[in-house]
Amino acid sequence: MNERRCACANCSCTVDENARMQNDKAYCCEACASGHRNGEPCRMSDCKCGEAAQPNENKVDNALDETFPASDPISP
């Protein structure tokens with residue numbers, strides 16, 4: 001039997017006859033097919049591709065902390 005892998009970049013799942021097809025690629029579930037747009041998890045509980053697809057919020061928060069406040073006056 002020839003197993004096909006999910007087209008989601010971080011997914012470790014195989015697809016079956018119920019694969020979600022999008023742009024001629026097979027995905028194991030709707031969440032993978034949509035790129036985990038809203039942080040949806042993969043259908044397989046042991047697959048963490050949904051977490052890997054989301055930006056690391058801590059890095060975003062740190063980047064915002066390191067910028068100057070909008071209330072700072074403009075230099076002459």
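**Exercise 1. Place Asn23 in this predicted model, and decide whether Asn23 is buried or exposed.**

Solution.
- Start with the surface. Asn23 has a relative accessible area of 69%.
- Apply the cut-off. Exposed means over 50%, so Asn23 is exposed.
- Now locate the residue. Asn23 sits in the loop between strand E3 (20–22) and strand E4 (25–27).
- Add a distance. Ala33 is ten residues from Asn23 along the chain, and their C-alpha atoms are 9.5 Å apart.

**Exercise 2. Work out what stands out in the phi of Asp24 and of His36.**

Solution.
- Begin with the general rule. Most residues other than glycine have a negative phi.
- Check Asp24. Its phi is near 60°, a positive value in a residue other than glycine.
- Check His36. Its phi is near 55°, again positive and again in a residue other than glycine.
- Compare the places. Asp24 is in the loop between E3 and E4, while His36 is in the loop between H1 and helix H2 (49–53).
- Compare the surroundings. Asp24 counts as exposed, at 77% relative accessibility. His36 counts as buried, at 1%.

**Exercise 3. Describe the order of helices and strands in the protein.**

Solution.
- Count the elements. The protein has three helices and four strands.
- Read along the sequence. The pattern is β-β-β-β-α-α-α.
- Look at longer-range contacts. Take contacts between residues at least 6 apart in sequence; 21% of them join residues at least 24 apart.

**Exercise 4. Find which residues touch the most other members of the largest nonpolar core, and which element gives the most to this core.**

Solution.
- Take the core. The largest nonpolar core has 15 residues.
- Name those that touch the most other members. They are Cys6, Cys8, Cys11, Cys28, Cys32, Cys42 and Cys49.
- Turn to the elements. E4 and helix H1 (30–33) each supply at least two residues of this core.
- Pick the top contributor. H1 gives the most, with three residues.
- Follow one member outward. Leaving aside residues up to four places away in sequence, Cys8 touches Tyr27, Cys32, His36 and Cys49.
- Link back to Exercise 2. His36, one of the residues that Cys8 touches, is buried.

**Exercise 5. Determine how many disulfides the structure holds, and check Cys11 and Cys29.**

Solution.
- Give the total. The structure holds zero disulfides.
- Test Cys11. The nearest cysteine sulfur belongs to Cys13 and is 3.5 Å away. A disulfide needs sulfur atoms within 2.5 Å, so Cys11 is in no disulfide.
- Test Cys29. The nearest cysteine sulfur is that of Cys32, 3.8 Å away, and Cys29 is in no disulfide.
- Add burial. Cys11 counts as buried, at 11% relative accessibility. Cys29 is buried too, with a relative accessible area of 11%.

**Exercise 6. Identify the side chains that meet in a salt bridge, and say which parts the pair ties together.**

Solution.
- Recall the principle. Side chains of opposite charge can pair when their charged atoms come close.
- Count. A search of the whole structure finds one salt bridge.
- Name the partners. The side chains of Arg20 and Glu30 meet at 2.6 Å, N to O.
- Place them. Arg20 lies in strand E3 and Glu30 in helix H1, so the pair ties together parts ten residues apart in sequence.
- Check the surface. Arg20 is partly exposed, at 32% relative accessibility. Glu30 is partly exposed as well, with a relative accessible area of 45%.

**Exercise 7. Decide whether Asn38 is buried or exposed, and give its C-alpha distance to Gly50.**

Solution.
- Locate the residue. Asn38 is in the loop between H1 and H2.
- Read the accessibility. At 66%, Asn38 counts as exposed.
- Give the distance. Asn38 and Gly50 are twelve residues apart in sequence, and 9.3 Å apart from C-alpha to C-alpha.

**Exercise 8. Summarise the surface of the protein, and find which elements have the lowest and the highest mean pLDDT.**

Solution.
- State the burial. Of the 76 residues, 24% count as buried.
- State the area. The accessible surface comes to about 6100 Å², and 48% of it belongs to carbon and sulfur atoms.
- Take the average confidence. The protein averages a pLDDT of 79, and 66% of the residues score at least 70.
- Rank the elements. Helix H3 (residues 57–65) has the lowest mean pLDDT, 55. E4 has the highest, 94.

Conventions:
Residues numbered from 1 in each chain as written. Predicted model: local features only at pLDDT ≥ 70, side-chain atom pairs only at ≥ 80, totals over all residues. Heavy atoms only, no water. Buried < 20%, exposed > 50% of the residue type's maximum accessible area, 1.4 Å probe, protein only. Contact = heavy atoms within 4.5 Å. Areas by Shrake-Rupley, 256 points an atom, 1.4 Å probe, with all protein chains shown as cover. Core = buried A, V, L, I, M, F, W, Y, C linked by side-chain atoms within 4.5 Å. Salt bridge = Lys/Arg side-chain N within 4 Å of Asp/Glu carboxyl O. pLDDT = per-residue confidence, 0-100.
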